[in-house]
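Hello,

Here is the structure I promised to pass on to you. Please open it alongside this email, and my notes on what I found follow below.

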Amino acid sequence: MAKPKVAFYWCASCGGCEETVVDLNEDILKVADAVDIVLWPVALDFKRKDVEALKDGEIAVSFINGAVRLEEQEEMVKLLRQKSGLVIAFGACAHLGGIPGLGNFWDRDTIFQRVYKEVPTVENPKGIVPQEKTKIKEGELTLPEFYDTVKTVAQTVDVDYYLPGCPPPPDLIMKAVTAILKGELPEKGAVLAPNKALCDTCPRAESKPEKLSIAEIKRPWQIKLDPEKCFLAQGVICMGPATRTGCGETCIRANQPCRGCFGPVDGVVDQGAKALSMIASILGLEGEEKMTDEEVKKLIDGIVDPAGTFYRFSLASSLLRRKRME
Amino acid sequence: MKKITIDPITRLEGHGKIEIFLDDKGNCARACLQIPELRGFEKFAEGRAAEEMPRITTMICGVCPTAHHIAATKTLDDLFKVEPTSAAKKIRELMYNAFQAEDHILHFVFLGGPDFIVGPSAPAAERNVLGVIGKVGLEAGGKVIEMRKRMRNVLRIIGGKPVMPTCGLPGGVSKQISEEERKTIIEAGEYGVEFCKFALQLFDDVVLKNKEYVDLVTGDVYSHKTYYMGLVDENNKVNFYDGQIRVVDPNGKEYVKFKVQNYLDHIREHVEPWTYVRFSYLKNIGWKGFVDGKESGVFRVAPLARLNASDGMATPLAQEAYEKMYKILGGKPVHSTLAFHWARLVEALSASERVLELAKDPEITSDDIVNLPTETPKEGMGVVEAPRGTLIHHYQTDERGVITKANLIVATQNNSAAINMSVEKAAKSLIKKGKVPEGILNMIEMAFRAYDPCHACATHSLTGRMPLEVNVYDFQGELVKTLTTME
């Protein structure tokens, strides 16, 4: 029997999803043995025309990482959809928009303005910014269009499954690959990680009080972080309750609170809204009725960047999606 | 006029392409390396809580997240005006050196290795990591996987995970190292030192005895007389984690030495409309275009630049290797771009030695890992030597410590003018009278691969070569010839 064809592609990403695949170490050889890789730009030389030459649906599965920010990324994602039986959005950027999705608080011109004109080291009296077409003495140079809005893969094409995380941990990758090879996949649209909140598997779960209440928000540098106690019980914002588990609680084990890269559990449309309502429900719970408006405001102001905290990885995929364009 | 396009994966990938223009005689008139990729971290840092920057800027690069993590963390120290505890500094430096060692070794084996171990003119099909293993043997190949695994495990111990680690806080780190973890780290350090000694020996046996490669290293095609920049300690020895930024001129004489807080007095960036990357240069020399020499503000960073900009290595075995390198290459400074590979191994050895030194330091398991800040934040700057060169973060905040402005001088940006020059020089040397020899592909790859450029994670090719295609067009833009690295 012919080995299933597999594609691995990157869009607006950082290379971390490629590194996590290399972190499979010896297991990567098993994977390479079981499948026929037809596209993997970081590792192997196959061209767009090779993909175009395939029959529709001939690729068994395409793993796509990165968000969609450039014209050519959108084209490639659409091509892979057409040629693939399964499309898996791989990693937080493909799944949720990820960190590049924070760009949706602005637009192309504002980003260009900062990056090429304002930063203190730039010497640019003519106000030059990159152009899609530039004529130089010797000829013409082109660049791909930079979109105003960062999109997820699912906002670009139909997605079958999601592998969450920044980056997806090697054990989840192996599980997903094994499930695909055995044809033991869950219902379409599933996130290939446990459907439980991080708190449910957190090594500090026992120190999470039955009834949480935060009297004052503490930023991670304002207290000596207790290496064993629930962060929320210490007053430190942790996205654990609003975030899916499966990461191995790696950040928690490094004594840092969760920032939500796995996205929400099933049924939650908007991770940020979920987190916000969770925090709102435990903020100043003790003696709430006695607090003045000013005290309430002060308490809430302890969260200095609500949008960037609760929507750190999921802005592009949220109901908000982006700042309104003027 | 003819135009030649070298595109990593046929116009699709957003991580770097080369355009070469020929004049009417068919000689190379101009070559441009374009970076068709931008995410805009300088902008979306605005509004974020400063302490989150070490956890946001890591996502600039999944290959070198630790560099951004530590640069951001040091910037927080400066921002909050808090001195980290002695143990915290050591833990950070330990983590940083483990990262430096594994990243350099990844390049040595997978990326640069094929050029100098298998040989620059070996058939393309052999010029990859498998070719390297074929040449050095399977046992050595296994050592490489083991070295990387162990050093990345050190990152896991300290930062939770090797891709996007997290441990940095203003004034310290979040997690203490246990006695048991320390033992594991010592073993990783010992393994690393032995491995790097082996790698340098291999370089001796295979590379220095390959006349073709030595001729290239010492020849003119890959040479640029530029300024060099790197962090040095108080004895002017190479330091990846901390110190002052030292710049030497093309003759190797100290041009300036400054603290990162003064970087605005010394570094400027130039913008071109045809690429998304900015080009760093020395402010007080000025931007004179893509040219080398003492009158041009172009400088270089990363392994060879660091060695050129220093007076030596801070660890004993690496110092020996450093002396040997300069002796064989005829003294300081060395201008050959291909010598970056050698310098990278010297540095990997130094980083491994430092991992071991720090892991054996009794203070490394101390529980005194953070000093809480008390000052109101306003502005901070921080610097590290990323594997690919000097990396600077600069934040301004309001009194709550919320970012109002951020600036990032990323390592590869510092080399971007020089990389362009190297590509153009190789193209000019090799393309004559309209003839585009097949070998040009690898020769041009070699020109930029030596820098291990990180804007193109595309060059982090597991097969050890970047897939390239050269299209030759005639005056009407008709495709007349296509060459690829895949035969």
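Let me start with a small detail: just after helix H7 of chain A, Gly183(A) takes a positive phi of about 65°. Please keep in mind throughout that this is a predicted model.

**Helix H7 of chain A**

The helix that comes before that glycine runs over residues 170-182. At 1.5 Å a residue, its 13 residues should span 18 Å, and the end C-alpha atoms are indeed 18 Å apart, so the length agrees with expectation. Leu172(A), Ile173(A), Ala176(A), Val177(A) and Ile180(A) are the buried residues I would point you to in H7(A). Seen down the helix axis, the buried residues fall within an arc of 135°, so they line one face of H7(A). The cover over them includes H1, helix H2 (27-34), strand E3 (59-65) and strand E9 (161-163), which belong to chain A.

**The two chains**

Chain A is built with 12 helices and nine strands, and its C-alpha trace spans about 70 × 60 × 30 Å along the principal axes. Of its 326 residues, 46% are buried. If you take the contacts in chain A between residues at least 6 apart in sequence, 75% of them join residues at least 24 apart.

Chain B has 13 helices and 16 strands. Of its 487 residues, 65% are buried. Among its contacts between residues at least 6 apart in sequence, 71% join residues at least 24 apart.

**Where the chains meet**

How many residues of chain A are in contact with chain B? There are 69, and they meet 77 residues of chain B. On the chain A side, the elements that give two or more residues are helix H1 (16-22), helix H3 (48-52), helix H4 (71-83), helix H6 (108-118), strand E6 (133-136), strand E7 (139-142) and helix H9 (250-253). By class, this side of chain A has 36 nonpolar, 17 polar and 16 charged residues. For the complex, the predictor gives an ipTM of 0.96 and a pTM of 0.94.

**The nonpolar core**

The largest nonpolar core holds 249 residues, and those that touch the most other members are Ile64(A), Val346(B) and Val355(B). H4(B) gives the most to this core, with 18 residues. Leaving out residues up to four places away in sequence, Val355(B) touches Leu94(B), Asn97(B), Ala98(B), Ala101(B), Val154(B), Ile185(B), Ala188(B), Gly189(B) and Gly192(B).

Helix H4 of chain B also holds Val109(B). Is Val109(B) buried or exposed? It has 24 C-beta neighbours inside 10 Å, and 20 or more are needed, so Val109(B) counts as buried. The C-alpha atoms of Val109(B) and Ile145(B) are separated by 10.0 Å, although these residues are 36 apart along the chain.

**Helices H7 and H8 of chain B**

H7(B) has 29 residues and reaches 41 Å from its first C-alpha to its last, close to the 42 Å expected at 1.5 Å a residue. Its buried residues include Ile185(B), Ala188(B), Gly189(B) and Gly192(B), and these four are also among the residues that Val355(B) touches. Further along H7(B), Phe195(B), Cys196(B), Leu200(B) and Phe203(B) are among the buried residues too. What covers the buried residues of H7(B) includes H4, helix H6 (138-159), H8, helix H10 (316-328) and H11 of chain B.

In H8(B), which covers residues 211-218, Tyr213(B), Leu216(B) and Val217(B) are buried. They cover an arc of only 100° around the axis, which puts them on the same side of H8(B). Lys211(B) and Asp215(B), on the other side of H8(B), are exposed. The cover over the buried residues of H8(B) includes helix H4 (86-118), helix H7 (179-207) and helix H11 (339-360) of chain B.

**Where to take care**

Chain B averages a pLDDT of 87, and 86% of the residues score at least 70. Over residues 8-14 of chain B the pLDDT is below 50, and this stretch has 28 contacts in the model beyond near neighbours in sequence. Residues 455-468 of chain B also have a pLDDT below 50, with 67 contacts in the model beyond near neighbours in sequence. Where pLDDT is low, the predicted coordinates should not be read in detail.

Best wishes

Note on methods: Residues numbered from 1 in each chain as written. Chains lettered and ligands numbered in written order. Predicted model: local features only at pLDDT ≥ 70, side-chain atom pairs only at ≥ 80, totals over all residues. Buried ≥ 20, exposed ≤ 12 C-beta atoms within 10 Å, placed from the backbone. Helix = DSSP H or I, 4+ residues; strand = E, 2+ residues; numbered from the N terminus. Arc of directions from axis to C-beta. Contact = placed C-beta atoms within 7 Å. Nonpolar A, V, L, I, M, F, W, Y, C, P; charged D, E, K, R; others polar. Core = buried A, V, L, I, M, F, W, Y, C linked by C-beta atoms within 7 Å. pLDDT = per-residue confidence, 0-100. Expected span 1.5 Å × (residues − 1).
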